[in-house]
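Me: I should like to learn how to read a protein model together with its bound ligands. Could we work through one example, feature by feature?

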Amino acid sequence: MNTVLVGLQWGDEGKGKVIDILAKDADYIVRYQGGNNAGHTVVVNGKTSIFHLIPSGILHKDKVCVIANGVVVDPLALLEEMKSLEKEKVDYAGRLKISSQAHLIFPYHRILDGLREGKRRLKIGTTGRGIGPCYADKVARCGIRMGDLYNKELFSGKLNDNLIEKNEIFKKVFQHSGFSFNEIYKEYLGYARKLKPYVCNVPVLLDEARGKNKSILFEGAQGTFLDIDFGTYPFVTSSSCVAGGVCIGAGVPPTAIDKVIGVVKAYTTRVGEGPFPTEFKTSLMEEIRGKGKEFGATTGRPRRCGWFDAVMAKFSVMINGVDEMAVMKLDVLDEQKTIKICTGYKYKGKIFDEYPQDLQVLSGVGAVYEEHPGWQENISGVRSYGQLPVSARRYLDRLQELLRVKISYISVGSKREETIVR
Ligand code: GDP
Ligand code: IMO
Ligand code: MG
């Protein structure tokens, strides 16, 4: 069984927790896009681990964890993450795999990310990790891939070409002194030596796994509305976060995918700039941010919070072909007297329930809400659907009805065990 797990909102839905739970029944866990802009949190035995590049399944001893070609790899960040696993005595040797075709993030990508953002009138609010500039080089065909580091002549030629062009731009456009070939060359050959044991041919690895009937879990990073094509462009990341991204991001055929699980929060959050129709305008912002600890797992920035947007989620269900859903952080709504769901948008006097393609329309819509009674009790100890308060069940049933997808997992706390499986 090969499953894709994908965020249906703007990221931080709780994908890390669900991956950790599902990893128990998988043999391979594969990251197929994004980079260390992601921050996936797993809480086990009172210990919190945040993963940026390494799949969140790594805490399960016998699982193979793969960083596929669609991921942009900052080797420095990866080595740091490996070091923190060693500190926690997590043995990953032999079961961490990195695609030789994954593109590498270089210091000039990181710096350019910040410089571009500084010059932009319409700021995106990136994580500053060099993600956008690295993907841009990939498409411009001047990117440097993991495997290139093992051919010194090829690597030095590519790096040299890049620096000749980029240093000019850094100096003339950004008044930045540019980068030294020798420093980067030496630094990256050092990374290459350390990462060599993990580099492999991922499509072949996954094909062999499928041949042996192993089950693969694909771990999405970010979320549908941060997708480069289907998100709230240009306020998006630079990769294909949607379920379809698995095929190009990991080299598996569409026919190999058996199931898509969508993850949503029981409300909505977003980090960075861009439209957000259901964003709280009242003290609820602080209240939900506090209760849900809504601060970025990567940058620590406060997340913007709002009500559940069923218009957007319906679009996500469509574009990803979601078979089942996980609803996370239901406990964060425990104290609310009433809970709203956005079921439509109002724009220039017209009401509609289809997610608009035009960003200007999305930025100008007013949310149309239906109101549901809250349950006003602590549900974090609940472990079965039947034990949930009636109002909580009604809220979930309504989400199911609006999105026409079965809710299979309900999360009522950050810990692994604080989960209801239906
Ligand atoms: P991801 O990027 O989708 O993996 O999500 P993040 O890890 O960035 O953010 C989700 C946050 O919510 C993390 O701090 C989790 O520990 C926490 N979390 C996950 N599920 C629940 C839940 O059901 N209730 C509460 N209160 N926190 C949760
Ligand atoms: P996970 O996997 C939430 C957002 C940034 C910014 C935009 C572009 O933890 O859900 P980038 O650095 O990618 O060029 O920034 O995308 N963003 C995320 N927001 N969760 C994430 O990852 C994100 N990764 C990027 O805040 O608005
Ligand atoms: Mg996150």
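**Reading the model**

Reply: We may begin with one residue: G39 is buried, its relative accessible area being 12%. Please keep in mind that this is a predicted model.

Me: Which protein atoms are the donors of the magnesium ion (ligand 3)?

Reply: The general idea is to list the donor atoms, and then to locate their residues in the chain. Here the donors from the protein are D12 (OD) and G39 (O), which lie 2.0 to 2.2 Å from the magnesium ion (ligand 3). D12 belongs to the loop between β1 (3–7) and α1 (15–22), and G39 to the loop between β2 (28–31) and β3 (40–44), so the pair ties together parts that are 27 residues apart in sequence.

Me: How should I read the surroundings of ligand 1, and which residues come nearest to it?

Reply: One looks at the shell, then at individual polar contacts, and then at the covered area. Of the 20 residues around ligand 1, the nearest are K15, G16, T41, D331 and S411. The shell divides into five nonpolar, eight polar and seven charged residues, and α1 and β3 each supply at least two of its residues. As for contacts, an N or O atom in the side chain of D12 is 3.0 Å from an oxygen atom of ligand 1. The backbone also takes part: a polar backbone atom of G14 is 2.9 Å from an oxygen atom of ligand 1, and a backbone N or O atom of G16 lies 2.8 Å from an oxygen atom of this ligand. On its own ligand 1 has 580 Å² of accessible area, of which the protein covers 91%.

Me: Is α1, which contributes to that shell, mostly covered or mostly open?

Reply: For a helix, one classifies each residue by its relative accessible area. In α1, eight of eight residues are buried, and the helix is mostly covered. The buried residues are K15, G16, K17, V18, I19, D20, I21 and L22.

Me: What does the same reading give for ligand 2, and how do its shell residues divide?

Reply: The shell around ligand 2 divides into seven nonpolar, ten polar and three charged residues. Of its 20 residues, K15, H40, T127, Q222 and T237 come nearest. Two side chains supply polar atoms: one of T237 lies 2.6 Å from an oxygen atom of ligand 2, and one of N37 lies 2.9 Å from an oxygen atom of ligand 2. In addition, a backbone N or O atom of D12 is 2.8 Å from an oxygen atom of ligand 2. Taken alone, ligand 2 exposes 540 Å², and the protein buries 97% of that area.

Me: How is a sheet to be read, and what is the order of the strands in the open sheet?

Reply: Strands of a sheet pair through backbone hydrogen bonds, in either a parallel or an antiparallel sense. In this model, an open sheet of ten strands has mixed pairing and the order β9-β7-β5-β2-β10-β1-β11-β15-β19-β20. β9 (199–200) and β20 (419–421) stand at the edges with a single partner strand each, so one side of each has no neighbour in the sheet.

Me: Which strands pair with β15, and is β15 covered or open?

Reply: β15 (residues 324–328) runs parallel to β19 (residues 406–411), to which four bridges join it. Within this pair, I407 in β19 is the bridge partner of M325. β11 (residues 259–265) also pairs with β15 in the parallel sense, over five bridges, and V264 stands opposite V327 in β15. β15 is mostly covered, as five of its five residues are buried. E324, A326 and M328 point one way from the strand, M325 and V327 point the other way, and all are buried.

Me: Where should I look for backbone conformations worth noting?

Reply: One examines omega for cis peptide bonds and phi for positive values. The peptide bond from Y233 to P234 is cis, with omega near 10 degrees, and P234 lies in the loop between β10 and α8. Q175 has phi near 50 degrees, a positive value in a residue other than glycine; Q175 is found in the loop between α5 (152–174) and α6 (181–195) and is exposed, at 63% relative accessible area. Q376 has a positive phi near 45 degrees and is partly exposed, with a relative accessible area of 49%.

How values were computed
Residues numbered from 1 in each chain as written. Chains lettered and ligands numbered in written order. Predicted model: local features only at pLDDT ≥ 70, side-chain atom pairs only at ≥ 80, totals over all residues. Heavy atoms only, no water. Near = heavy atom within 4 Å. Polar contact = N/O pair within 3.5 Å; in protein donor to acceptor, adjacent residues only side chain to side chain. Areas by Shrake-Rupley, 256 points an atom, 1.4 Å probe, with all protein chains shown as cover. Nonpolar A, V, L, I, M, F, W, Y, C, P; charged D, E, K, R; others polar. Donors = N, O, S within 2.8 Å, 3.2 Å for Na, K, Ca; no water. Buried < 20%, exposed > 50% of the residue type's maximum accessible area, 1.4 Å probe, protein only. Pairing = 2+ DSSP bridges.
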